[in-house]
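Please read the following account alongside the sequence and the coordinates, moving from single residues to the contacts between helices and then to the surface and its openings.

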Amino acid sequence: MKITQGCREERNIAVKQTAGRDALGEFAPKFAELNDDVLFGEVWSREGQLSLRDRSLVTVVALMAQGLTDESFRYHLMEAKKNGITKEEIAEVVTHAAFYCGWPKAWAVFRMAKDIWGEE
């Protein structure tokens, strides 16, 4: 068995994602179920097809492209760091993506990433 917190492997015991149910379980139960069981339970767990590290990179760029730099984006940046993305790598990814996603979006991501990775 694996222990996962959010979408990150830690030990060998399974822990179910509950963020959707915790935040929206009563208000939007189906959405919460899909978030926890399908998105994080099935999609993020497909490490044989794409590593958590790579999934984090894809997710960061996809959210950046949409301009979604809210608290959910902060969560994904923190998970990217936990999944092994270094400060140098996130800086390179965001710099590269800036030309495709937009310069102001890159600035917004850098402000948040600088806080998360700190001045390592």
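L24 lies in helix α1, where helices (H or I, at least four residues) and strands (E, at least two) are DSSP runs, numbered from the N terminus. With a relative accessible area of 30%, L24 is partly exposed, given that buried means under 20% relative accessible area, exposed over 50%, and partly exposed in between (1.4 Å probe, protein chains only). The C-alpha atoms of L24 and N35 are separated by 10.0 Å, and the two residues stand 11 residues apart along the chain. This is a predicted model, in which local features need pLDDT of at least 70 and side-chain atom pairs count only at pLDDT 80 or more, whereas totals for chains, interfaces and linings use all residues. Residues are numbered from 1 along each chain as its sequence is written, and side-chain values use heavy atoms, with hydrogens and water left out.

The protein chain as a whole has six helices and two strands, and its elements run β-β-α-α-α-α-α-α from the N terminus on. Of the 120 residues in the protein chain, 32% are buried.

Salt bridges offer a way to follow how these helices are connected. A salt bridge is a side-chain nitrogen of Lys or Arg within 4 Å of a carboxyl oxygen of Asp or Glu, and a search of the whole structure finds eight of them. In one of these, R21 pairs with D37, the closest N and O atoms being 2.7 Å apart. Because R21 lies in helix α1 (residues 19–24) and D37 in helix α2, the pair ties together parts that are 16 residues apart in sequence. R21 counts as partly exposed, at 33% relative accessibility, and D37 is likewise partly exposed, with a relative accessible area of 22%. The contact also belongs to a wider arrangement, since R21, D36 and D37 are linked in a network of salt bridges.

A salt bridge also joins the side chains of R53 and E89 (2.4 Å, N to O). That pair links distant parts of the chain, with R53 in helix α3 and E89 in helix α5 (residues 87–101), 36 residues apart. R53 has a relative accessible area of 27% and is therefore partly exposed, and E89, at 28% relative accessibility, counts as partly exposed too.

The side chains of K82 and E79 meet in a further salt bridge (3.4 Å, N to O), but here both residues lie in helix α4, three residues apart, about one turn of the helix. K82 is partly exposed, with a relative accessible area of 45%, whereas E79 counts as buried at 3% relative accessibility. Helix α4 also holds A80, which is buried, with a relative accessible area of 1%. A80 and D54 are 26 residues apart in sequence, and their C-alpha atoms are 8.8 Å apart in space.

Helix α2 can be followed next, beginning with E33, which is found there and counts as partly exposed at 31% relative accessibility. From E33 to T18 the separation is 15 residues in sequence and 8.6 Å in space, C-alpha to C-alpha. V38 lies in the same helix, α2 (residues 29–43), and counts as partly exposed at 32% relative accessibility. Together with L34, L39 and V43, V38 makes a nonpolar surface patch of about 270 Å². Such patches are made of residues with over 30% relative accessible area and no salt bridge, like charges being joined within 9 Å and nonpolar side chains (Val, Leu, Ile, Met, Phe, Trp, Tyr) within 5 Å.

Which residues line the second largest pocket? Its lining consists of L39, V43, W44, L50, R55, V58, T59, L63, L68, S72 and H76, and the elements that give two or more residues to that lining are α2, α3 (52–66) and α4 (71–82). The most comes from α3, with four residues. By type, the lining residues divide into seven nonpolar, three polar and one charged, where Ala, Val, Leu, Ile, Met, Phe, Trp, Tyr, Cys and Pro count as nonpolar, Asp, Glu, Lys and Arg as charged, and the others, Gly among them, as polar. The second largest pocket has a volume of about 190 Å³. On a 1 Å grid over the protein atoms alone, a pocket is an open set of points where a 1.4 Å probe fits, with protein on both sides within 12 Å along at least five of seven lines, and lining residues have an atom within 4 Å of a point.

Notes. Areas by Shrake-Rupley, 256 points an atom, 1.4 Å probe, with all protein chains shown as cover. Points joined across faces, edges and corners; volume = space filled by probe spheres on them.
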